[in-house]
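Here are my notebook entries from a first look through a structure. Have it open beside you and follow along.

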Amino acid sequence: MKVGIDFGTTRVVVAAVDRGNYPLVSFETAEGNVRDWFPPLVAVQGEQRAYGWEAWQLQGQPGWTILRSLKRLLRDAGPETVLEIGGQFLEIRQLLRELMESLRDQLCQHSTLSGGKAGAIEAMLGVPANANSNQRFLTTEAARDAGFEVLGLLNEPSAAAVEFAHRDREDAKKRSDGWLMVYDLGGGTFDASLIELGDDMHSIVASDGIPTLGGDDFDEILAELALTTFGVSSTERDGFSAAEWFTLLEECREKKEALNPNTRKVTIDLERVRADWREVSLAVNEFYEQCRPRIESTREVVNQLIAEHPERPVDTLYVTGGGSELPPVARILREEFGRRVRRSAYMRSATAIGLAIRADAQSGFVLRDQFMRNFGLWRETDAGRSVSFDLIFPRGTILPGPKEPPLESVRSYRPAHNVGHFRYLECAKLAEDGRPVGEISDWDDIRFPFDPFLQHRADLADVPVIRTSGTKSFEIEETYTCDSSGNLAVSIANKSAGYEKVFRLGRWFGKQGKVTARRARARSRAVGDGASAQERPVAHAAVARRRAQAAVAQRNDHRRALAAGMPRVA
Ligand SMILES: Nc1ncnc2c1ncn2[C@@H]1O[C@H](COP(=O)(O)OP(=O)(O)OP(=O)(O)O)[C@@H](O)[C@H]1O
Ligand SMILES: [Mg+2]
């Protein structure tokens, strides 16, 4: 069975491949209801953990702490990131794997996919267009470990474009030469992508987004507005338990989702939060006005993309993502883009359907994805007196199709050192002189023995890197490859001495401290019986550091296990 899985911040949506159709999969909840999504919730109490609909049922139960959005934390996570949830220190990769296992069990046992035929599940997975390599790696690895056969990763807006083009097939002949802009405002992220639609192949021209903006922000705005109207002071707000925040935000989400273009008033029932509070009635226009700056920031991203690519006009702005269902979103977009705005008939499921279409080799659609970051490494120049950035795969490089050979980029040189110490990074932008600027992610270093006497040393970390003329006669070749999912590897060979090593590239030992308490508090709402703000999930930097120190001894083995075929000595 083939499926497309849109692993959203607030909802996981799955579409199946069924003889040319791509139906959404419905799940049976713990209470026996039927829903066409699966909540990416994690519930923790002591050593016990529950996921998905089971975790949903535990919301508000005494002693349970709920993490609502693992995906929001993935952006800043590395494979060793540890989260503190309900007093437990848990690795993010373990939580993600268990969440995927739970999804797989649900698909096999309590969904419209079950009925004995689910068996092996081949999945095409979505990731935000601006997901970095860590997020891509963690998502793929968790799905594989959970028993899915991963067909590949596709950027979420690319998947929505596939869905658009599939339904739009009949109109294809009438299509002009213009581009399609996919506007995807989800629960926690906003992505915009400029796409060239071809007869049987679509190419992503450019993509951008706001990784921290989504429909959940509107819930927060509505909550703050309700509290202000009711006269709740900021000191009182600071004293809210996690459970109270959670209930308030759920109330706001439900009311927000019930709004339609004719709604004038919205009533928030604060009694759900505290028994002695009551309902407040708000004018929706006031709520919409407060949402406006966020919606306009998405419009700016769209305009910026259009301005950067004046080569062709944008014919259609295809609006998807549950967050776009808020009435002022389409209205504000229409102010600027007029009749080019087209709301998807499947706001919340276009991505999953597109992923399923992509999973279906029969569908005849090919989509070229592109490398979303600049990837390269620092090189010494000027006899070691300075360093410069060697750009290996520039942002915008078109990725190969799933069955095509990987992209290759080769560097050859004669070394000046005994050991090569390679420091990689990826960045969103490059300055005019080629320097990485903006948001930069450092990747793990690798070391390669230029000196053949060192070729069998398992760990070169404690071998001092020294300049030597002794290696000058060797020809070194670095071959970088990038597959259809954007995964990178390098094979470094000493061609003269006849040995090589292959490394998969990434940031396996990401800095745990990056998921800060503040961010976790703002972005991941936890609930538990009387759980205090301090008990909400935080990446506990000190604990993570201690763990990292304790893991130093095992690190090389671990790293080898992670890095495919590494080191392979020919
Ligand atoms: N009818 C509606 N009106 C307004 N907002 C809605 C409506 N239905 C869903 N939403 C909001 O859409 C958001 C979820 O959208 P979606 O399912 O596209 O996100 P996601 O895929 O989980 O997240 P992301 O794409 O950011 O990772 C939530 O904030 C939800 O409250
Ligand atoms: Mg989404």
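I began by fixing a term: a residue is near a molecule if its C-beta atom, placed from the backbone, lies within 6 Å of it. This is a predicted model, where local features need pLDDT of at least 70 and side-chain atom pairs count only at pLDDT 80 or more, while totals for chains, interfaces and linings use all residues. Residues are numbered from 1 along each chain as its sequence is written, and chains are lettered from A and ligands numbered from 1 in the order in which they are written.

**Entry 1: the ligand.** I found 22 residues around ligand 1, and Gly-8, Gly-186, Gly-215, Gly-322 and Glu-325 are the closest. Two elements, α6 (215–230) and α8 (242–257), give two or more residues to this shell; helices here are DSSP runs of H or I with at least four residues, strands are runs of E with at least two, and numbering starts at the N terminus. With three residues, α8 gives the most.

**Entry 2: the sheet.** I traced an open sheet of three strands, ordered β6-β5-β7 with antiparallel pairing; strands pair if DSSP finds at least two bridges between them. β6 (48–51) and β7 (65–67) each have a single partner strand, so one side of each lacks a neighbour in the sheet. I then looked at β5 (residues 42–45), which four bridges join to β6. Ala-43 has Ala-50 in β6 as its bridge partner.

**Entry 3: a helix check.** How far apart are the end C-alpha atoms of helix α3? They are 26 Å apart, which agrees with the 26 Å that its 18 residues (92–109) should span at 1.5 Å a residue; the expected span is 1.5 Å times one less than the number of residues.
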